[in-house]
Structures are given as C-alpha cells and as structure tokens.
Amino acid sequence: MTSSILAGPTSSYRAQRGPHLRAKTWRAEGLLRMFENVLEVGENPDELIVYASLGKAARNWDEARAIAAALMALDEEQTLVLASGAAVGLLGTGPSAPLVLSAVNNTVGRWATSDRFYERADAGQTMWGGLTAGAWQYIGRQGVLQGTYELFGTIARHHFGAAAGRESDALAGRWVLTSGMGGMGSSQPISAAMLGLSSLTVEVDPAKVHRLADAGALDLITTDLDEALDALAHAGDSASVVAVGLIGNAAEVYPALVSRGVVPDIVTDQTAAHDARYGYVPAGYTLDQWRAAQAEDPQRLERDARAAMATQVQAMLAFADAGSVVFENGNNLRVQAIEHLSEAASAQVNRIPGFMEAYLRPLFARGIGPFRWVCLSGSSQDQRVLDDLAIEMFGQRRREVARWIDVARTQIPPQGLPARSCWLGHGERSAFALAVNALVADHTLEAPVLFSRDHLDSASMTHPRIGTEGMRDGSDGVTDFPLLDAMALAATGADLVAVHSGGGGYAGWMQSAGVSIVADGRPETAVRLRRSLDADTGLGVLRHASAGYEEASASVTSGGETGNAPLIWLGGGSRPR
Ligand code: NAD
C-alpha cells in the first residue's frame, strides 16, 4: 500500500484510514496520515496549499514525495529533518527523540521582508507553512470552528451580559458583520449559528460562497444588500437565526452599510488581509484582474489592496463609534491599513482591539488553549468514545467543555480524519492523553490517536498583532518563548516539533512552535505524553506568570487545572531592576 502523497499531485488526497500500517511504527504512520489529511481538508492540494492563501504542507511535490517516502522508512532510532518543507536528511537519535524536526522559513530580522520571501519562494528556495499547514496539524473546520465559537461566546459574556453557558440567550436577535469564506473564515457563519447569532458574511469570490452553501452553512446567498438586510431584520423580529452570504467586496460593502446608518452588533473580518498581494482583493478589481495583477504589477496591486483595507478599517471605526463591538480577528488588517494611512488617521486604527488581548489572554494564562485530537483510525466510533471521555473527565468542573463537546458532536460536519478541538489547560491535556493511551492499549479504540494543538497557544506563539499584542511586560515581539517551547518539546520526546516563522504578508511578524504526539498505547509513550504535554502548557503558564498575569501565578499555586501538574516559578520577570 502506498501513500496518497507518493501518487500526488493527481491522487484523491485522502488520508489513510484503518488499522493497516505503511510506516514501521504508529508514530511515523500517524504523522504520515496527518500530512495526507492536511491535503484532504486543504484549500488547493494540487499546489500543496492548505489555507490562508499561501500556507503550504511541503515546498513542492518532489519534496512532498521525498518526505512521505522517508516517513514510511523511518525507524525509532532516527529523526527526519525538514527545512522549509524540504526533506534534508536523517539523524541517528534514539527512541525517545522526536521523529521529525521541522523549521519553516525562519529568517534573520533584516531579511524577513515580504519581497525577499516572494523572491525565494518563487525560486523554490522556501515556503510559508502558515501555522498548522506546514506542520500537518490543520483539521479544517473541526479546529477553526471552536476558536471562533469561543470568541463569540466570550463577546456575549463581556459585552452583552450573558451568563456562562447561556450565551445564546444574550445573542438572540443579534448579528455579526464579517467577511472572507476561505479556509479559516468559512467557520464564522457556522460558529455564529451554533451560538444563536445571525451573520452577514461578505465574500468576493462566488465559488467560495457556493461551496459554503453546499456544506449547509448559509441560509441565503445574494448580491443585493437590501435583500441581505431584510433577511437579518426578519430574523431579528422572528427570534430566528439566519446566515447570509453576500457576494461582494468588503471594502465596498462596509462603507455602504455605514452610509445607510446600519449598526451591526459585532463587526470583524477574516479576509486574508495579512497578504496584500495574494490575500485581499482591492475594491474595483474583478477576480481575473486581481489574479493578472499579481504577476503583472504586484506593487500597484499591493498599494490598491492597502488603500481598500484602509477604507474598510475606517468603516469599522465608524461602526465602533455607533456602538458595534469591533475587533480584528488575527489577520493583520490594521497593520495593512496603517501602512496606507496618515500618521493621525493611523492612531485611530488602534482603537480597534485585537481578539487575543481583548478576549482570550486570561485563558492562555492558565495554559487553556486549542488542544486537539485526531482519530487515526478514521472511525467515528473512536470519535464518540473520546467525546464521552472528555465530558466525563472535565464536564463537572468546567461546564463549558461539556457544552462545547455536546454542540460540536451534533453540529460540526466531519472533514478528513475525525478530529476534535477542545480548549483544555495545564494538567488537563496530559491527563486526557494518558487516559486515551490506556484505551488504545486495551483496544477500546480501533487505532492510535494523535494529539496536537494550534500554534496560536499559550507558550508557542509570538505575533505582536495576534497572539502577543499588549503583553503586560512589553514582550509583544519577543520570540524567546516559542523557541523555548520547541526546545522543551524536543527534550521531552514529542513526535513532531516544528518552528515556524512568517512568510508573505506575515514576514517579520511571527514565530511559532508546533507539536504532534501519537498515543500508541505503549507504557513508554505514556511517559513522553505526560512530559511533553505538561512542558508545553507549563511553559505557557510560566510565560504569563513572568509577564504579570495573576491567573498564571494562581495556576502555579494550584498545580494547574487538575491540581496535579506542579510547576516551579522562580519569579522570573517579576523582580525589580
Ligand atoms: P483564505 O485565503 O483561505 O480566504 C480568504 C478569503 O477572503 C477568500 O475566500 C477571498 O476570496 C476573500 N476575500 C479577499 N479579499 C476580499 C474582499 N476584499 N472582500 C471580501 N472577501 C475577500 O484565508 P483563511 O485561511 O480563511 O484565513 C483568513 C485570515 O485569518 C488570514 O489572514 C489568516 O492568517 C487569519 N487567521 C486568523 C486566525 C485566528 O486565530 N484568528 C487563525 C488562522 C488564520
């Protein structure tokens, strides 16, 4: 049996399921299945593109095949080394060392520019791995949905007085204006509907709108703003929920809504604005003109895209002034707008908060973040067993976990290998992984389970406009912790450890660390699971304690979320000069 990647780029891009191993161990087989899976659920597998316009799984198809072949031949005494999506070689290591070490596009500061990235990427010398694309950890909407769900739920509690667990009551009759129906953005109307929130999502590419409608996530597709507003008004009056897909350009639709005096309850955007060349269609361009301009006149295209983003951002400021809850959803839209605007106008842009500082940091300070598991068997029965286990282990103490699993298991359509994102914290992740390892060992589960997380997590991300905006100790742009995290994960024997830096529009903006580890049921695996998962979340707690977050110092005192994950904080960062 061969890997679907060895047959690419014309294969069906389906990850292997079932108990049959092609690699020598489940550790390597699990990573190979994840590599196949990001192509199965990705945006454009023929080009190895997984999401966010340019986020790739490997540098090119020759490298992809070389990586798949190496994974199939790998034994536990070896470590496969990848550099920017290319298979470099094998190191003799040992059974408790990582099987794969990957570094993607890490570049010294002076060279970390978009232009230099495009030049090298065009010459086949590098790639951008996004966060989870190049590390084969992306699980499609099964993962993204929860981040957006947590975000809208937190907004309901912060701004609309919702009690925990009763978010839908406060969101009834309200709606969110947003844009982008790409790999990440397509989760927005679905997450909103899961919380009883209506949505108007603007998307310039009709094919993306129809794709999401085919997935059952949109109630109405229109090009007519009046029709869209009527549907939202009707939903508000009748206490129902509607998801409207408006085919149009956000840089034109947002100002049009402002000039009509419309005030959405929540406003954000998830176009791929971080990349002014490949991620955002300027106002006035058709899709064909946009694609042609990428090759013919990229400088003019980037100028026009930033000007359009500035127009969109000014409309967002007008919504904020009128009373909408407005935030940036991690796509660098504000930075792009600022590059176009005068200094005085730029100062205003920072009135729009980033989602992390505004809503998610208190969770990260406790090591609670986007943990995920993937059933390597492909079995939905395995998925059910794991959902039940999560509710049994955490549902009493953290009711939001039980509520999330209940909603997710009924409302998130499977995509690729069955997977679940679940925001667990320090001590909880390792406790869960050990319980799962035991279920693999006694054959309750059909096959092993892979654990991973988004790179945008407690210790593992630095991006001064996304993960680490407004850190209390001013460490917004400091990359010490993602690098320490990768070292700690390698030292504790995770199966794959990846260090990613920005490319394209994110060049010079981000550094992250990723981890994957397979629970194959063996006792020695239980040791590595506990060590690496606790090291990952523990470092996140220590990072936030050092930066001055009380939730983190309390977590150190209590032994994490389970009371059973001790940490020693030496007070780093808190001592006076
Ligand atoms: P994508 O490239 O798959 O999709 C972007 C979509 O925006 C496309 O469908 C495109 O047609 C549409 N679009 C572009 N310009 C438009 C315009 N002017 N008006 C309306 N629609 C327009 O990207 P994605 O994977 O969905 O990611 C979106 C952004 O979110 C990226 O910048 C990504 O880096 C960021 N992101 C945020 C988080 C987070 O945690 N919040 C996580 C991952 C990614």
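**Exercise 1.** What distance separates the centres of domain 1 and domain 2, taken over C-alpha atoms?

*Solution.* The model is a predicted one, and its domain assignment gives domain 1 as 27–139 + 355–577 and domain 2 as 142–341. Taken over C-alpha atoms, the centres of domain 1 and domain 2 are separated by 27 Å. To the contact, domain 1 contributes 38 residues and domain 2 contributes 40 residues. The next step is the area buried between domain 1 and domain 2, which is about 3300 Å², with carbon and sulfur atoms giving 54% of this area. Finally, the salt bridges between domain 1 and domain 2 are counted, and their number is five.

**Exercise 2.** Work out in what order the six strands of the open sheet lie, and which strands stand at the edges.

*Solution.* The six strands follow the order 8-9-7-6-10-11, with parallel pairing throughout the open sheet. Strand 8 (220–222) and strand 11 (325–326) each have a single partner strand and stand at the edges, so one side of each lacks a neighbour in the sheet. Turning to one pair, strand 6 (residues 175–179) runs parallel to strand 10 (residues 266–267) and is joined to strand 10 by two bridges; here Leu177 stands opposite Val267.

**Exercise 3.** Compare the expected span of helix 16 with the distance between its end C-alpha atoms, and then find its buried residues.

*Solution.* Helix 16 (residues 399–411) has 13 residues, which at 1.5 Å a residue should span 18 Å, and because its end C-alpha atoms are 18 Å apart, the two values agree. With buried taken as under 20% relative accessible area, the buried residues of helix 16 are Val401, Ala402, Trp404, Ile405, Val407 and Ala408. These buried residues pack against several elements, including helix 4 (141–160) and strand 13 (419–424).

How values were computed: Residues numbered from 1 in each chain as written. Predicted model: local features only at pLDDT ≥ 70, side-chain atom pairs only at ≥ 80, totals over all residues. Heavy atoms only, no water. Pairing = 2+ DSSP bridges. Helix = DSSP H or I, 4+ residues; strand = E, 2+ residues; numbered from the N terminus. Expected span 1.5 Å × (residues − 1). Buried < 20%, exposed > 50% of the residue type's maximum accessible area, 1.4 Å probe, protein only. Contact = heavy atoms within 4.5 Å. Domains from an automatic or database assignment. Buried area = accessible area lost by both parts, 1.4 Å probe. Salt bridge = Lys/Arg side-chain N within 4 Å of Asp/Glu carboxyl O.
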